[in-house]
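Trainee: I'm new to this structure and would love a close look at a single part of it. Could you walk me through it slowly, with the overall layout as a starting point?

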Amino acid sequence: SQVNLPLEEFQKLFTSAQVEEAKRLILDKYKIDEDEHKQKLKALEAKSKLLDNRLQQQKHLFFPENFQVLQHTASGMFNSSAEDAGVDGDVASFDIELTFRVMES
């Protein structure tokens, strides 16, 4: 069987089908992007947790558990050499003072 449509009605149906296909493609792309974002966020959160754990481990190696920082100051200066001297010509100097209270166990 054959259906006859006026050209204007056919164009409306064709345009409507194109719009629906474009919507579907956009929604599919959005879903893919959202999934990728979630995976990247999950990986970053895991990496952040791992780095936090490493930081805590390193702090325990460097500092005893029975101490309290009473005061700290840091000051310094940086002298940059001529641009053509490279990094080796740069000098930095820092004074760092820490006052601790170490408690007997």
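Which pattern does the protein follow when read along the sequence? After that, please take me along the helix and its side chains.

Mentor: Happy to! Please keep in mind that this is a predicted model. Read along the sequence, the pattern is α-β-β, so named because the protein has one helix and two strands, with helices and strands taken as DSSP runs. The helix, α1, covers residues 7-62, and we will spend most of our time there.

Some background on the whole protein will help. The chain has 105 residues, and 0% of them count as buried. To read that figure you need one cut-off: a residue is called buried when its relative accessible area is under 20%, exposed when that area is over 50%, and partly exposed in between. The accessible surface of the protein comes to about 10200 Å², and carbon and sulfur atoms account for 57% of that surface. As for contacts with a separation of 6 or more, 53% of them join residues 24 or more positions apart.

Now let's begin at the start of the helix. A nonpolar patch of about 640 Å² lies on the surface here, made by Val 3, Leu 5, Leu 7, Phe 10, Leu 13 and Phe 14. Leu 13, one of these residues, has its place in helix α1. Two other members of the patch, Phe 10 and Phe 14, deserve a second look. A search of the whole structure finds one aromatic pair. That pair is Phe 10 with Phe 14, and it is stacked, with 6.3 Å from centre to centre and 20 degrees between the planes. The word "stacked" applies because the planes are under 30 degrees apart. Both rings belong to residues of helix α1, and the two positions are four residues apart, about one turn of the helix. Phe 10 has a relative accessible area of 47%, so it is partly exposed. Phe 14 is partly exposed as well, at 46%.

The charged side chains come next. The count of salt bridges comes to six, and I'll show you some of them, going along the helix. Among them is the bridge between Glu 8 and Lys 12, at 3.9 Å from N to O. It still qualifies because the cut-off is within 4 Å. Glu 8 and Lys 12 are four residues apart in α1, so about one helical turn separates them. Both of these residues are exposed.

Further on in helix α1 you will find Arg 24. Arg 24 forms a salt bridge with Asp 28, and their closest N and O atoms are 2.8 Å apart. Here too the partners are four residues apart in α1, with about one helical turn between them. Arg 24 is partly exposed, with a relative accessible area of 40%, and Asp 28 is also partly exposed, at 36%. The side chain of Arg 24 has another partner: it makes a polar contact with the side chain of Glu 21, at 2.6 Å.

Another salt bridge joins the side chains of Asp 33 and Lys 29, at 2.9 Å from N to O. Asp 33 and Lys 29 are again four residues apart in helix α1, about one helical turn. Asp 33 has a relative accessible area of 33%, which means that it counts as partly exposed. Lys 29, at 49% relative accessibility, counts as partly exposed too. Alongside this pair, there is a network to notice: salt bridges that share partners join Glu 21, Arg 24 and Asp 28 into one group.

Finally, let's step just past the helix. Asn 66 is found in the loop between α1 and β1, and β1 itself covers 67-79. Asn 66 is partly exposed, with a relative accessible area of 24%. In sequence, Asn 66 and Met 103 are 37 residues apart, yet their C-alpha atoms are 5.4 Å apart in space.

To pull the picture together, you can trace helix α1 from the stacked pair of Phe 10 and Phe 14, on to the network of Glu 21, Arg 24 and Asp 28, and then to the bridge between Asp 33 and Lys 29.

How values were computed:
Residues are numbered from 1 along each chain as its sequence is written. This is a predicted model: local features need pLDDT of at least 70, side-chain atom pairs count only at pLDDT 80 or more; totals for chains, interfaces and linings use all residues. Side-chain values use heavy atoms; hydrogens and water are left out. Patches are made of residues with over 30% relative accessible area and no salt bridge: like charges are joined within 9 Å, nonpolar side chains (Val, Leu, Ile, Met, Phe, Trp, Tyr) within 5 Å. Accessible areas come from the Shrake-Rupley method with a 1.4 Å probe; for residues, only the protein chains shown count as cover. Rings of Phe, Tyr and Trp (its six-membered ring) pair if their centres lie within 6.5 Å; planes under 30 degrees apart count as stacked, over 60 as edge-to-face and the rest as tilted. Buried means under 20% relative accessible area, exposed over 50%, partly exposed in between (1.4 Å probe, protein chains only). Contact means heavy atoms within 4.5 Å. A polar contact is a pair of N or O atoms within 3.5 Å; within protein, one must be able to donate a hydrogen and the other to accept it, and residues adjacent in sequence count only if both atoms are side-chain atoms.
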